[in-house]
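I am opening a fresh notebook page for this protein. I will put one thing at a time to the structure and write down what I find.

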Amino acid sequence: MQNSQSQSLTGLKGVGPSVQQKLANLGIHCIADLLFHLPLRYQDRTRTAALGSLRNGDEITVRGEVQLTEIKHGRRRMLLSRISDGTGFLTLRFFHFSAQQQASLARGAHVECFGEVRAAGGALEMVHPEYRLVENDAGPVKKEARLTPVYPATEGLRQLKLRALINMVLAEPTLFAAQLAEYLPAEILQQEKMPTLQAAIQYVHYPPVDADVHKLQAGEHPMQQRLAFEELLAHQVSLRQLRQQQQKKAASAMRVTGRLKQTLEKNLPFELTAAQQRVVNEIKQDLNQPHPMQRLVQGDVGSGKTIVAAMAALQAVEAGFQVAVMAPTELLAEQHRINFTQWLSALDVSVFWLSGKTKGTTRKDTLAAMNDGSAQVIVGTQALFQEGVEFRQLGLVIIDEQHRFGVHQRLSLRNKGATDDMHGESYPHQLVMTATPIPRTLAQTAYADLEVSIIDELPPGRSPVETVVISEQRRDEVVARTHKACQGGRQAYWVCPLVEESEKLQCQAAQETAEALQMALPDLRIGLVHGRLKTAEKAKAMEVFKAGKIDLLVATTVIEVGVDVPNATLMIIDNAERLGLSQLHQLRGRVGRGTQQSNCVLLYGAALSKTARARLAILRESNDGFVVAQRDLEIRGPGELLGTRQTGLVNLRIADFQRDQALIPRIARCADILLKEHPASVAPLMRRWLGDGLQYGKV
Ligand code: ADP
Ligand code: MG
């Protein structure tokens, strides 16, 4: 977080250069940062208990008289002090201690301790409790008036110091108020029945004793929700602004007769579905505009996104522009190349290929063709946008399986394709496609900078994939079933997902499975694809499979997306319980692509918990990617769906997409109000919550 206007920490008592450095390690650079350094959890120090009533796991205050203190040499040297209060005993265990500490805990001393009770070797103990010596006849245990916050701390900057610093600011009303300007207009606070920022911050640092601890621990207290709301709003507003800025940029309007598109449509062996037609039309309208399109096409696996992309490409080509088609893996890109080549070469449109592995003269020739404009459509991986790759006139960038690219990448791609000529700066249009449907609430937040089209219809004649969930113990039956399917002329996939983190071991597992299956089914032609094969080998294996020369293809999850072999009607997934629902749905989408009834078998390892079983049951019950994604979101959170690492948005401090879903529709409404009626609050609000992240508004 960055609060450039906020006061410096050095003004606080007790903050010298060394503490300042440690605070910086926690991301705290100014006083406002300190106030937004929120507790991880809370301790209830208001409760005390007799030693005889303690239970494992209690976090509590106790008192007792020291019976014995001694140094023990176990694996480590430690100080053990045994205390008693007449009702029971407790051991205090210290690994770090001074001679003075040892002396003060002499037999007969009275101590008051706070810590977590643990059962160890049949007795109860506290490891490194906070403690102080008290008089024998000390009055009642001094009760804290509030719940005690526990902060993220760091080496050399512990709870007590953090609490003291934060309390210092809380105790100075003017200083406190100066850090926390209210950016939410009164009408929003009123409409949303929300406390002010100051009230919320005050409360979360110092909740009263009667606060709802469960809600606080879960982050669901209205005071915390107030903060989450503001954070999500800041993100929403920044993406909206981004979209508005985009819409002001220039791009080439591609008004054409549609001659090429019509010819392609005539040549196709099928008719576009109504949903495909609608989306093709939405794209056409966008491309007609003199501003860069930013459109996301969502469609379930098998809904036919590729042809929609090809239609878009033809509009750009007909208008005289180049088109880049990018996929996240070689395998997927390769498949697009095959499709595009097949569809477009009949129209005399040139299709080129560029991947990281394109080398030597081929690479040189390809780069030259991109540069002089003779390459009209260029399909490839991210290599398309590496240094040294220049387009002559890039008009449209198509990104498939977009969830693997974050907003930053999207924008940097767009910039790489920008041209600056006598007509000024011009940006290519961008079309992104995802096969992992994002539930609406999430799309509203994560993709607020994009227009969204949905292909909500599958091509006709597809019968839904029938899914069963079977224990690994019945593997033999599944093998027999595979045998039967293949003997009947059908083809099958056998997927071995990540069991080990390492790709190497994963590939090894696939290899072993392939060998075992070949042993069990000697008359089947079994192939193998995994991530460690060379691209050419992978492509070869896929090609042979597609040509029907292999019956059973054993694979790692490299075949997760995009691969298309209509004659494959059986999919077996090993260790299905280890994959996310959306990913399983993706995999399952490899079958059910022809008119034949298709089946998917989810094999699970020995003991499956009740929730895991319920999870897999969702796939048995629904074939709709949107439904599956929604459930996956509920179960695993958005990180998995969006591909956490690359999505700048998931970098939330307080809010949590999963927990705070209910806020999202409200946030969308408030973003409208804020942008329209309180534009002056927008910039400071974004600065408070996004700090450096703001860059992506300017990329
Ligand atoms: P995805 O949306 O998963 O990328 P694809 O574009 O790979 O789906 O399409 C899946 C299969 O459906 C391909 O074989 C494609 O040729 C075929 N297809 C696409 N549109 C139609 C349609 N309207 N009618 C029949 N088949 C279609
Ligand atoms: Mg696809």
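**Entry 1: the whole chain**

How much area does the protein chain expose, and what percentage of it do carbon and sulfur atoms supply? I looked it up: the chain exposes about 31,400 Å². Carbon and sulfur atoms supply 49% of that area. I note here that the model is predicted.

Next I took the outline. The C-alpha trace spans about 95 × 65 × 50 Å along its principal axes. I found 25 helices and 23 strands in the chain. Of its 699 residues, 52% count as buried.

I also looked at how contacts run along the sequence. I took contacts between residues at least 6 apart in sequence, and 75% of these join residues at least 24 apart.

**Entry 2: domains**

Which domains does the assignment give? I wrote down these four:

- Domain 1 covers 9-42 + 151-179.
- Domain 2 covers 47-143.
- Domain 3 covers 254-455.
- Domain 4 covers 466-622.

Domain 1 is written in two pieces of sequence. I then checked the centres of domain 1 and domain 4, taken over C-alpha atoms, and they are separated by 53 Å.

**Entry 3: nonpolar cores**

I went looking for nonpolar cores. In soluble globular proteins, nonpolar side chains tend to be buried together. The largest nonpolar core here has 60 residues. Those with the most contacts inside this core are L12, L23, L34, I201, F229 and L233. Helix α9, residues 222-248, gives the most to this core, with eight residues. Another core lies apart from it and has 41 residues, among them M311, L344, V377 and L396.

I picked L12 for a second look. Which residues does L12 contact, leaving aside its neighbours within four places in sequence? I listed I31, L34, L165, M168, V169 and L175.

**Entry 4: ligand 1**

Which residues come nearest to ligand 1? There are 16 residues around the ligand, and E271, G302, T306, R462 and D564 come nearest.

I then wrote down three distances from oxygen atoms of ligand 1. To a polar backbone atom of G302, the distance is 2.6 Å. To an N or O atom in the side chain of K305, the distance is 2.8 Å. To an N or O atom in the side chain of R593, the distance is 3.3 Å. On its own, ligand 1 has 570 Å² of accessible area, and the protein covers 86% of that.

**Entry 5: Q298**

Is Q298 buried or exposed? Its relative accessibility is 2%, so Q298 counts as buried, the cut-off being under 20%. Q298 lies in strand β9, residues 294-299.

I listed its contacts, leaving aside neighbours within four places in sequence. They are T434, T436, P437, I438, A443, V452, S453, I454, I455 and F626. I also tried a pair: Q298 and A211 are 87 residues apart along the chain, and their C-alpha atoms are separated by 44 Å.

**Entry 6: N288**

I moved to N288, in the loop between α11 (274-287) and β9. N288 has a relative accessible area of 11%, so this residue is buried. The side chains of N288 and Q315 are joined by a polar contact of 3.3 Å. Leaving aside neighbours within four places in sequence, N288 is in contact with A253, M254, R255 and Q315.

**Entry 7: A539**

How many residues apart in sequence are A539 and L331? I got 208, yet C-alpha to C-alpha they are 6.7 Å apart in space. A539 is found in helix α19, residues 535-546. At 14% relative accessibility, A539 is buried.

**Entry 8: positive phi**

Most residues other than glycine have a negative phi. I wrote down two residues with a positive value.

K193 has a phi near 50° and is not a glycine. K193 is found in the loop between α6 (186-191) and α7 (197-205). Its relative accessible area is 73%, so K193 is exposed, the cut-off being over 50%.

N575 is not a glycine either, and its phi is about 50°. N575 lies in the loop between β22 (568-573) and α20 (581-588).

Key:
Residues numbered from 1 in each chain as written. Chains lettered and ligands numbered in written order. Predicted model: local features only at pLDDT ≥ 70, side-chain atom pairs only at ≥ 80, totals over all residues. Heavy atoms only, no water. Helix = DSSP H or I, 4+ residues; strand = E, 2+ residues; numbered from the N terminus. Buried < 20%, exposed > 50% of the residue type's maximum accessible area, 1.4 Å probe, protein only. Contact = heavy atoms within 4.5 Å. Domains from an automatic or database assignment. Near = heavy atom within 4 Å. Polar contact = N/O pair within 3.5 Å; in protein donor to acceptor, adjacent residues only side chain to side chain. Areas by Shrake-Rupley, 256 points an atom, 1.4 Å probe, with all protein chains shown as cover. Core = buried A, V, L, I, M, F, W, Y, C linked by side-chain atoms within 4.5 Å.
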